[in-house]
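Reader: I would love a close look at one part of this model, the largest pocket, and then a walk outward to the charged pairs and the surface. Could you take me through it?

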Amino acid sequence: MHGDREAGRQALKFMAARGYAVTRKIIDDGLKHGQLREVDPRFLHVAMVGLCEYFVTAKPLVQELFGGQPMSAALTEAYADFVADLLFRGLQAPERRPG
């Protein structure tokens, strides 16, 4: 039993480190090219996971909000587009104004 807990901790550490590294790279690349603003990659990673995970676990709520229709590929794609736009516009570097 104890080995299972340790294996779980190690898996969590791996997933957290991997998620942080990927998110940090996205931010660093965006900063380097002047496309993104600096944000805490830990918060961003948690937010991205939550935005994706909640859409699935809140299926009854999503269905109710969209007229009781079953989840469809089109609805899922529309949500993915919405989240991408929300994240990328929200993370966008402010425009530099001359002067």
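**The largest pocket and its surroundings**

Author: Happy to. In this predicted model, the largest pocket has a volume of about 230 Å³. Its lining counts 14 residues, and those closest to the centre are Met48, Cys52, Val83, Ala84 and Leu87. Two elements each give two or more residues to that lining, H2 and helix H4 (73–91). H4 provides the largest share, eight residues.

Let us stay with H2 for a moment. This helix covers residues 41–57, 17 residues in total. From first C-alpha to last, H2 reaches 24 Å, close to the 24 Å expected at 1.5 Å a residue. The buried residues of H2 are Pro41, Leu44 and Phe55.

Around the start of H2 there is also a charged pair to look at. The side chains of aspartate 40 and arginine 42 meet in a salt bridge, with 2.7 Å from N to O. Arginine 42 is exposed, because its relative accessible area is 55% and the cut-off for exposed is over 50%. Aspartate 40, at 24% relative accessibility, is partly exposed.

That pair belongs to a wider set, as the structure holds six salt bridges. In general, side chains of opposite charge can pair when their charged atoms come close. Helix H1 (residues 2–32) offers a good example: arginine 9 and glutamate 6 are three residues apart in H1, so about one helical turn separates them. Their side chains form a salt bridge at 3.1 Å, N to O. Arginine 9 is partly exposed at 42% relative accessible area, and glutamate 6 is partly exposed too, at 31%.

Further along H1, aspartate 29 and lysine 25 lie four residues apart, again about one turn of the helix. They form a salt bridge in which the closest N and O atoms are 2.9 Å apart. Aspartate 29 counts as partly exposed, with 32% relative accessibility. There is also a network of salt bridges, which links Arg24, Asp28 and Glu38.

Finally, the surface has a nonpolar side to show you. Tyr54, Leu61, Leu65 and Phe66 make a nonpolar surface patch of about 460 Å². Leucine 65, one of these four, sits in helix H3 (residues 59–65). Its relative accessible area is 62%, so leucine 65 is exposed.

Methods:
Residues numbered from 1 in each chain as written. Predicted model: local features only at pLDDT ≥ 70, side-chain atom pairs only at ≥ 80, totals over all residues. Heavy atoms only, no water. Patch = residues over 30% accessible without salt bridge, like charges linked within 9 Å, V, L, I, M, F, W, Y side chains within 5 Å. Areas by Shrake-Rupley, 256 points an atom, 1.4 Å probe, with all protein chains shown as cover. Buried < 20%, exposed > 50% of the residue type's maximum accessible area, 1.4 Å probe, protein only. Expected span 1.5 Å × (residues − 1). 1 Å grid on protein atoms, 1.4 Å probe; cavity = no way out; pocket = protein on both sides within 12 Å on 5 of 7 lines; lining within 4 Å. Points joined across faces, edges and corners; volume = space filled by probe spheres on them.
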